Amino acid sequence: MLTSKKEKPAFPMAAVIAAVAVLVVGGAAGWYLNRPVEKQPDTPTAPEAKAYVRNLRLADVEMKATDSFVSQRLVEINGKISNTGDKVLKEVAVTCIFYDPSGQLVLREKVTVVKPSGSPFQPGETREFRLPFDNIPVGWNQALPQIVIAQIIFG
């Protein structure tokens with residue numbers, strides 16, 4: 001009686017497919033996490049916007065830090081911004097500049113305090129803002145950063 005036995009391959013095909021899938025997904029994730037991120041260039045401030053900066057007032061600016069359960073520090077800068085001028089604003093952005101203890105710049109980040117998706121910022125209006133940062137380098141001097149009006153878009 002002649003019986004034929006099918007030989008099983010050394011590696012099951014499902015294991016090979018799974019290994020290839022893991023390598024492809026891992027490679028794609030590695031590329032995505034390490035890809036160069038293009039920062040939007042700062043748009044030049046128009047002369048009219050530069051002149052209007054004197055009509056924006058920052059007040060009650062304070063900073064607090066909290067540590068999360070994954071040992072990550074979140075620094076929040078809270079305050080108020082007032083539009084003391086006569087123009088309606090669609091967007092206002094500030095640049096926060098963080099320094100190390102020797103005065104060297106460690107982080108410069110532009111953030112929006114009046115968002116274009118919200119209601120227009122009216123003359124005479126005051127709004128609260130909250131700026132969260134979770135990417136400040138360890139060498140930071142723990143002081144309130146320098147905050148500079150970086151962009152004004154009239155609405």
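**Close-ups of aromatic pairs and a nonpolar patch**

Phe98 and Trp140 are both buried. They come from a predicted model, and the views below go through its aromatic contacts and one patch on its surface.

**View 1. Phe98 meets Trp140 edge-to-face.** The ring centres sit 5.7 Å apart and the planes are at 80°, so this pair gets the edge-to-face label, which requires over 60 degrees. Phe98 belongs to strand β3 (residues 89-99), while Trp140 is in the loop between β5 (126-133) and β6. That makes the pair a link between distant parts of the chain, 42 residues apart. Widen the view a little and Phe133 comes in too: with Phe98 and Trp140, it makes up one aromatic cluster.

**View 2. Tyr52 and Phe154 make another of the structure's 3 aromatic pairs.** Here the centres are 5.5 Å apart and the planes again stand at 80°, so this one is edge-to-face as well. Tyr52 is part of helix α2 (residues 47-52) and Phe154 is part of strand β6 (residues 146-154), so the contact ties together parts 102 residues apart in sequence. What about cover? Tyr52 has 4% relative accessibility and counts as buried, because the cut-off is under 20%. Phe154, at 26%, counts as partly exposed.

**View 3. Four residues make a nonpolar patch on the surface.** Met13, Val16, Ile17 and Val20 are the ones involved, and the patch covers about 390 Å². Pick out Val20 and you're looking at helix α1 (residues 13-34). Val20 has a relative accessible area of 47%, so it's classed as partly exposed; exposed would take over 50%.

Technical notes. Residues numbered from 1 in each chain as written. Predicted model: local features only at pLDDT ≥ 70, side-chain atom pairs only at ≥ 80, totals over all residues. Heavy atoms only, no water. Phe/Tyr/Trp six-rings, centres within 6.5 Å; stacked < 30°, edge-to-face > 60°. Helix = DSSP H or I, 4+ residues; strand = E, 2+ residues; numbered from the N terminus. Buried < 20%, exposed > 50% of the residue type's maximum accessible area, 1.4 Å probe, protein only. Patch = residues over 30% accessible without salt bridge, like charges linked within 9 Å, V, L, I, M, F, W, Y side chains within 5 Å. Areas by Shrake-Rupley, 256 points an atom, 1.4 Å probe, with all protein chains shown as cover. Salt bridge = Lys/Arg side-chain N within 4 Å of Asp/Glu carboxyl O.
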